[in-house]
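Subject: Structure handover

Hello,

Here is the structure I said I would pass on. My notes on it come after the model.

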Amino acid sequence: MSVTIKTPHEIELMREAGRILALVHENLAKEIRPGMSTLEVDRIGEEMIRSYGCIPSFKNYCGYPASICVSVNEEVVHGIPSGKRFLEEGDIVSLDAGVIYKGYHSDAARTVGVGEISEDAKLLIERTRMSFFEGMKKATAGNHLHDISNNIAAYAEKFGYGVVRDLVGHGIGKALHEDPEIPNFRKLSRGIKLRSGMTLAVEPMINAGTHEVLWLDDDWTVVSEDLSLSAHYENTILITEGKPELLTLTESEKAAGYLDLF
């Protein structure tokens, strides 16, 4: 395993990549409405990314055909946008996106409601986000990688949710996926020691029911095995000697006080 430590110059580039992606998420969430196709979501998202002079990280990555992963309801991740799939009132939709800015990637995901959603759906979305912030309490130099994993899992499992085990977070930088892999589920091993200058994409994927998942025939879309709702929350973070720096946090999340949670 080779985990890169970013230079000050690389960190500045990744900060800008993160700032731009946060703006994309902030604005794309405002566009979500009943009746729009998931292909339209992708089109709008790609236009936003390119408007900032960036390249979509996901487009054609390992053959993925779109810029935004649009995953609806029981779809955990990697939903392929389609002109035949329309969002409906009460759906929840996970939007996973990445940008490349001057050769450096950022990666972030948010799950949002379509119109009015159920209380259970609201709780799943917020608790998935909160599990990420529980993980951030351990995301500091000198701690170990799986300290983050165990905090995420301990929080989500309190509510009886299934923490997806077949998919994990990852390092990020010049490549979209770098070492190390970052589980969201409990690990007995401690994992590598965290060092200042590491950049990581931490991304809890939480199902309302079982943790088990299935891949659909398109070889991309992952769904919960029992078809229960699934939520996804991800930020690109920078490990420091103190609190982690969240490179993709949106301005509305900052205003809501999420930076005070860890």
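The notes below cover pockets, helix packing, sheets and two backbone details.

Please keep in mind that this is a predicted model.

Pockets

The largest pocket holds about 450 Å³ of space. Its lining comprises 21 residues. Those nearest the centre of this pocket are His-78, Val-168, His-170, His-177 and Glu-203. Two elements, strand S7 (169-171) and strand S8 (178-182), give two or more residues each to the lining of the largest pocket. By class, that lining has eleven nonpolar, four polar and six charged residues.

For the second largest pocket the space is about 240 Å³. There are 15 residues in its lining, and Arg-110, Thr-111, Val-112, Arg-129 and Glu-253 are the closest to the centre. At least two lining residues of the second largest pocket come from each of helix H1 (8-31), strand S5 (104-113), helix H3 (119-136), strand S13 (230-232) and helix H5 (251-255). The lining of the second largest pocket divides into five nonpolar, six polar and four charged residues.

The S7-S8 hairpin

How are the two strands that contribute to the largest pocket connected? S7 and S8 are joined by a hairpin, with six residues between them. The two strands run antiparallel and share three bridges. Gly-171 has Glu-178 of S8 as its bridge partner.

S8 also contains Pro-180. The peptide bond that leads from Asp-179 into Pro-180 is cis, and its omega is near 5°. Most peptide bonds are trans, so this one may be worth a look when you set up the model.

Helix H3 and its neighbours

H3, already listed for the second largest pocket, packs against helix H4 (residues 145-157). The angle between H3 and H4 is about 145°, and their axes are 7 Å apart. This crossing of H3 and H4 is right-handed. On the H3 side, the contact is made by Arg-127, Met-130, Ser-131, Glu-134 and Gly-135. H4 brings Ile-148, Asn-151, Ile-152, Tyr-155 and Ala-156 to the contact. Sorted by class, the residues of the contact of H3 with H4 are five nonpolar, three polar and two charged.

H3 also lies across strands S10 and S13, and runs at about 40° to S13.

The sheet with S10 and S13

S10 and S13 belong to an open sheet of three strands, in the order S6-S10-S13, with antiparallel pairing. Why is one side of S6 and of S13 left without a neighbour in the sheet? Strand S6 (162-163) and S13 stand at the edges and have a single partner strand each, so one side of each has no neighbour there. Strand S10 (residues 205-207) pairs with S13 in the antiparallel sense over three bridges. Asn-207 stands opposite Ser-230 in S13.

S13 thus turns up twice in these notes: S13 supplies at least two residues of the lining of the second largest pocket, and S13 is an edge strand of this sheet.

The sheet with S3, S12 and S11

Another open sheet of three strands has the order S3-S12-S11, again with antiparallel pairing. Its edge strands are S3 and strand S11 (213-215), each of which pairs on one side only. From one strand to the next, the twist averages 40°. Two bridges link S3 with strand S12 (residues 222-224), and the sense of that pairing is antiparallel. Val-77 has Val-222 of S12 as its bridge partner.

A positive phi

The loop between strand S2 (68-72) and strand S3 (75-77) contains Asn-73. Most residues other than glycine have a negative phi. Asn-73 is not a glycine, yet its phi is positive, at about 60°.

Regards

Technical notes
Residues are numbered from 1 along each chain as its sequence is written. This is a predicted model: local features need pLDDT of at least 70, side-chain atom pairs count only at pLDDT 80 or more; totals for chains, interfaces and linings use all residues. Side-chain values use heavy atoms; hydrogens and water are left out. On a 1 Å grid over the protein atoms alone, a cavity is a set of points where a 1.4 Å probe fits but cannot get out, and a pocket is an open set with protein on both sides within 12 Å along at least five of seven lines; lining residues have an atom within 4 Å of a point. Grid points are joined across faces, edges and corners, and a volume is the space filled by probe spheres set on the points. Helices (H or I, at least four residues) and strands (E, at least two) are DSSP runs, numbered from the N terminus. Ala, Val, Leu, Ile, Met, Phe, Trp, Tyr, Cys and Pro count as nonpolar, Asp, Glu, Lys and Arg as charged, and the others, Gly among them, as polar. Axes are lines fitted to C-alpha atoms, for helices over the stretch in contact, and angles run from 0 to 180 degrees between N-to-C directions. A crossing is left-handed if the near helix is turned anticlockwise from the far one by less than a right angle, and right-handed if clockwise. Contact means heavy atoms within 4.5 Å. Two strands pair if DSSP finds at least two bridges between them.
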